[in-house]
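Welcome! Here are some short exercises to work through with the structure in view, each followed by a worked solution.

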Amino acid sequence: MHPPQDSQKHKTRRNFLGQALTAAGTVIAAPSLLNQATAAQPGKPSPVSGKGEMSVTLNINGQSQTLAIEPRVTLLDALRERLELTGSKKGCDHGQCGACTVLVDGQRVYSCLALAVMQEGKQIVTIEGLAKGDTLHPVQAAFIENDGFQCGYCTPGQICASVALLDEVKRGCASAMTADLTSPPQLTNLSEAEIKERLSGNLCRCSAYNGIVAAVQQVTGQTPPSPAAAMLVREAGVSA
C-alpha cells in the first residue's frame, strides 16, 4: 500500500528544508574553521585583527598614539572616536565647511577628508594642542577678545585655519587677492580682503566673520576696528 500523495509532498518538503539548513550551516561555519586552521599553521604571521584593522602610529599634539583602525577611517573619526579629541568638529563631513580643520606639518588640513593611515610620520596639531598649559595661543586669545565666535561649533577649525594663515604669510605664500606675486604681503600690512580670502574655506553659520577678521588683525600687530565704531558708521550711512 502506497502512502498518500500529500504525505509524500510533506516529506519531500521536510527533506529539502533539512538539506538547505545543513548547507547554510556549512557555509557559515566554513570561514570560522578556515581561520582557525590558518591561525594554527606555524610560522605564518597573523593579522592585526579579524576586522581588517591595521596598526597605525600617529604623532598628535606632541604625543605618539598607536591605534588599530581600518584603512578607511578618516583622521577626524580617529581623533574624535578613538582618541576622544572632540575639539575638531564634524560639520558637513564633505570638506566644505572647515569645522574639522587641523594642522598637519604646519599646514591646514580638512581632517574629514584625510585618511588616518596616511598621516604616519607627520606632526598633527589639533585645537587641543595649541595652548601651552593654561596659556592660550595668541590666536585663541584674540578670538575671545574680539568675539570671533557665537555658538562656537566652527571655532576650533577657524582658529586652526587662522594659525596656518599666519604661517603661510610668513613663508611668503600668495592668495587669489595678492596683487603682486613678486612682493607678497607682510603680516603688518595684511589687508582685510586678504584675510577673508585666506579664510574663505571656513564657514560660520552664525556669521561672526567681523570678529574673526579682527582677531587675525590683532595677532598680526594691526589695530582692528572697534565694533562700536563700525555700528556708528553703518547707522550714519542709513540716516543719510
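A residue is called buried when its relative accessible area is under 20%, exposed when it is over 50%, and partly exposed in between. Keep these cut-offs at hand, and remember that you are looking at a predicted model.

**Exercise 1. Get an overview of the protein: how many helices and strands are there, and in what order do they run?**

Step 1. Count the elements: there are seven helices and five strands.
Step 2. Follow the chain from the N terminus, and the order reads α-β-β-α-β-β-β-α-α-α-α-α.
Step 3. Look at burial: of the 240 residues, 32% are buried.
Step 4. Turn to the surface, where the protein exposes about 14,900 Å², with carbon and sulfur atoms supplying 56% of that area.

**Exercise 2. Classify Leu 136 as buried, partly exposed or exposed, and find the patch that includes Leu 136.**

Step 1. Locate Leu 136 in the loop between strand 5 and helix 3 (138-145).
Step 2. Compare with the cut-offs: Leu 136 has 42% relative accessibility, so this residue counts as partly exposed.
Step 3. Find its partners: Leu 136, Ile 144 and Phe 149 form a nonpolar patch on the surface. Together they have about 260 Å² of accessible area.

**Exercise 3. Examine the loop between strand 1 and strand 2: what can be said of Asn 61 and Gly 62?**

Step 1. Begin with Asn 61, which lies in this loop. Asn 61 is not a glycine, yet its phi is positive, at about 55 degrees.
Step 2. Check its exposure: a relative accessible area of 26% makes Asn 61 partly exposed.
Step 3. Move on to Gly 62, also located in the loop between strand 1 and strand 2. With a relative accessible area of 65%, Gly 62 is exposed.
Step 4. Consider distance along the chain and in space: Gly 62 and Val 125 are 63 residues apart along the chain, while their C-alpha atoms are separated by 7.9 Å.

**Exercise 4. Describe helix 2 and the residue Glu 84: which residues of the helix are buried, and what do they pack against?**

Step 1. List the buried residues of helix 2 (residues 75-82): Leu 75, Leu 76, Ala 78 and Leu 79.
Step 2. Recall a general rule: an α-helix has 3.6 residues a turn, so residues three or four places apart point the same way.
Step 3. Name the packing partners of these buried residues: strand 1 (54-60), strand 2 (63-69), strand 3 (101-104) and strand 5 (123-125).
Step 4. Continue just past helix 2 to Glu 84, where phi is positive at about 60 degrees. Glu 84 is exposed, with a relative accessible area of 67%.

**Exercise 5. Explore the nonpolar cores: which residues touch the most other members of the largest core?**

Step 1. Take the largest nonpolar core, which has 22 residues; Leu 130, Ile 159, Leu 165 and Leu 199 touch the most other members.
Step 2. Identify the elements that give two or more residues to this core: helix 3, helix 4 and helix 6 (209-219). Helix 4 gives the most, with eight residues.
Step 3. Inspect Ile 159: among the residues that Ile 159 touches are Ile 127, Val 139 and Phe 143.
Step 4. Notice a second, separate core of 17 residues, including Val 56, Leu 67, Val 73 and Ala 116.

**Exercise 6. Decide whether Ser 162 is buried or exposed, and name its contacts.**

Step 1. Find Ser 162 in helix 4 (residues 155-170).
Step 2. Apply the cut-off: Ser 162 is buried because its relative accessible area is 1%.
Step 3. Leaving out residues up to four places away in sequence, Ser 162 touches Val 139, Phe 143, Leu 199 and Val 216.

Note on methods
Residues are numbered from 1 along each chain as its sequence is written. This is a predicted model: local features need pLDDT of at least 70, side-chain atom pairs count only at pLDDT 80 or more; totals for chains, interfaces and linings use all residues. Side-chain values use heavy atoms; hydrogens and water are left out. Helices (H or I, at least four residues) and strands (E, at least two) are DSSP runs, numbered from the N terminus. Buried means under 20% relative accessible area, exposed over 50%, partly exposed in between (1.4 Å probe, protein chains only). Accessible areas come from the Shrake-Rupley method with a 1.4 Å probe; for residues, only the protein chains shown count as cover. Contact means heavy atoms within 4.5 Å. Patches are made of residues with over 30% relative accessible area and no salt bridge: like charges are joined within 9 Å, nonpolar side chains (Val, Leu, Ile, Met, Phe, Trp, Tyr) within 5 Å. A salt bridge is a side-chain nitrogen of Lys or Arg within 4 Å of a carboxyl oxygen of Asp or Glu. A nonpolar core is a set of buried Ala, Val, Leu, Ile, Met, Phe, Trp, Tyr and Cys residues joined through side-chain atoms within 4.5 Å.
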